Amino acid sequence: MSTIYLIPSFIDENAKETLPPYVVDAVKSCQVFFVENERTARRFLKSIWKEMVIDDYEWVLADKSTLRFPATHQAMRAAIKAEKNIGIISEAGCPGVADPGQELIDIAHALGAKVRPLVGPSSILLALMGSGMNGQKFSFHGYLPIDNGERAKTIRELEAESAKKDCSQIFMETPYRNNQLLEQLVKFCQPKTKLCIAANLTSDKESIQTKRIEQWKKEMPDLHKQPVMFVMHAEN
C-alpha cells in the first residue's frame, strides 16, 4: 500500500528546530515528491538531509497552476497504484492547510492509500495560540478581497460574526499589502475590537501583539513585506 506523507516545511528557513526528527525519516521512505516549487523543495530537503541524492527521486510540480491538470492527477494515481510512497510538500508550513495540496490528498483517499499528516509549524495555529483569543471557536478566511469596497464589507461581516458567535477570525494578506489592510481594519472595526498582529513567526524577528483597535490606531506598525497573520475578536 502506498503511504502519502504530508511533509511540513519551515516558515522561516533559519528555524530548523521547528521540525521534529521524524520528518526526515518520512522523507527517506518516499520515492516521489509532489511540490509547489521544485527548486525550493529540493533545497529544503537537502537542508534537513544532507546526504539526499536528489536525482534518485521523482519530482512532480503541483502548484496552483498545475494542480487541476489531468497530468498531475494521473501522476498521483500512477504513483499510488505502483505502491510508491509519496511526499507532498508545501512552500511554507503544512500541506493541505491554506495550501493547494488538498486535491492530491483527496485522490489518495479515493484510491485507498494511507495518508499520514506530519507535525510541523502552521502560521495559522501559531498566531491563534499566541493571540490570547478564543481557541475553541475560530475560522480561517485566507486572503480578504483585493477590491477596497469588497474588503471593507468583508471586514465588517467578519467583525459582526465574531461578536455574534464569540469566535476568532483569522486572515492574511500578501506582505506588500499588509499596511493597507491594517489601515482598513482600524478604519472600519469598532474601537474595542481586539486585533492580534503575528509577524515573522518562528524567526528571530517574531512579534505577536494583541491590542484593541483604538490602541493600534494610535501607533500603527510598519508591516510592509513582512509575513503576517491577523486574528480578530469582537465584543458582543
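**Entry 1: the largest pocket**

I began with the lining of the largest pocket, where helix 2 is the biggest contributor, giving five residues. The model is a predicted one, and I read every value below with that in mind. I then looked up which other elements take part. At least two lining residues each come from helix 2 (38-48), helix 4 (102-110), helix 5 (123-131), strand 6 (138-143) and strand 10 (228-233).

For the volume of this pocket I noted about 1,300 Å³. The lining has 48 residues, and those closest to the pocket centre are Ile11, Ser90, Glu91, Ala92 and Gly93. I also wrote down the classes in the lining: 23 residues are nonpolar, 13 are polar and 12 are charged.

**Entry 2: the chain as a whole**

I stepped back to the overall figures. The protein chain holds eight helices and 10 strands. Along the principal axes, its C-alpha atoms fill a box of roughly 60 × 35 × 30 Å. Of the 236 residues in the chain, 49% are buried.

I checked how the contacts are spread along the sequence. Taking contacts with a separation of 6 or more, 76% join residues that are 24 or more positions apart.

**Entry 3: nonpolar cores**

In soluble globular proteins, nonpolar side chains tend to be buried together. I looked for such groups here. The largest nonpolar core has 22 residues, and the members that touch the most others are Ile7, Phe33, Leu45, Ile48 and Trp59. Strand 1 (3-7), helix 1 (22-28), strand 2 (32-35) and helix 2 each put at least two residues into this core. Apart from it, I found another core of 20 residues, including Leu158, Leu195, Ile197 and Met232.

I picked Leu45 to follow further. With neighbours within four places in sequence left aside, Leu45 is in contact with Val27, Phe33, Met52, Trp59 and Ile89.

**Entry 4: the cavity**

I searched the whole structure for enclosed space and got one cavity of 30 Å³ or more. The largest cavity holds about 50 Å³. Its lining is made up of 12 residues, and Glu36, Ala62, Ile88, Ile89 and Gly101 are the nearest to the centre. Strand 2 and strand 4 (86-89) each supply at least two of the lining residues. By class, I recorded eight nonpolar, two polar and two charged residues in this lining.

Ile89 thus came up in two lookups: I had it as a contact of Leu45, and I have it here in the cavity lining.

**Entry 5: Trp216**

I went to Trp216, which sits in helix 8 (residues 213-218). Is Trp216 buried or exposed? Trp216 counts as buried because its relative accessible area is 2%, and the cut-off for buried is under 20%.

Beyond neighbours within four places in sequence, I listed Val186, Leu195, Ile197, Gln209, Lys211 and Pro221 as contacts of Trp216. Leu195 and Ile197 are among the members of the 20-residue core. The side chain of Trp216 also reaches the backbone oxygen of Lys211, at 3.4 Å. I took one C-alpha separation as well: Trp216 and Cys196 are 20 residues apart along the chain, with 9.8 Å between their C-alpha atoms.

**Entry 6: Ser2**

Next I looked at the start of the chain. Ser2 belongs to the segment before strand 1. Ser2 is buried, at a relative accessible area of 2%.

Which residues does Ser2 contact, leaving aside its neighbours within four places in sequence? I listed Ala79, Ile80, Glu83, Lys84, Asn85, Ile86, Ala113 and Lys114. With Lys84 there is a polar pair: a polar atom of the Ser2 side chain lies 2.4 Å from the backbone oxygen of Lys84.

**Entry 7: positive phi**

I ended with two residues that have positive phi and are not glycine. Asn200 has a phi of about 55 degrees. Asn200 lies in the loop between strand 8 (194-199) and strand 9 (207-212). At 13% relative accessibility, I put Asn200 down as buried.

Lys225 has a phi of about 60 degrees, and its place is the loop between helix 8 and strand 10. Lys225 counts as exposed because its relative accessibility is 63%, and exposed means over 50%.

Methods. Residues numbered from 1 in each chain as written. Predicted model: local features only at pLDDT ≥ 70, side-chain atom pairs only at ≥ 80, totals over all residues. Heavy atoms only, no water. 1 Å grid on protein atoms, 1.4 Å probe; cavity = no way out; pocket = protein on both sides within 12 Å on 5 of 7 lines; lining within 4 Å. Points joined across faces, edges and corners; volume = space filled by probe spheres on them. Helix = DSSP H or I, 4+ residues; strand = E, 2+ residues; numbered from the N terminus. Nonpolar A, V, L, I, M, F, W, Y, C, P; charged D, E, K, R; others polar. Core = buried A, V, L, I, M, F, W, Y, C linked by side-chain atoms within 4.5 Å. Buried < 20%, exposed > 50% of the residue type's maximum accessible area, 1.4 Å probe, protein only. Contact = heavy atoms within 4.5 Å. Polar contact = N/O pair within 3.5 Å; in protein donor to acceptor, adjacent residues only side chain to side chain.
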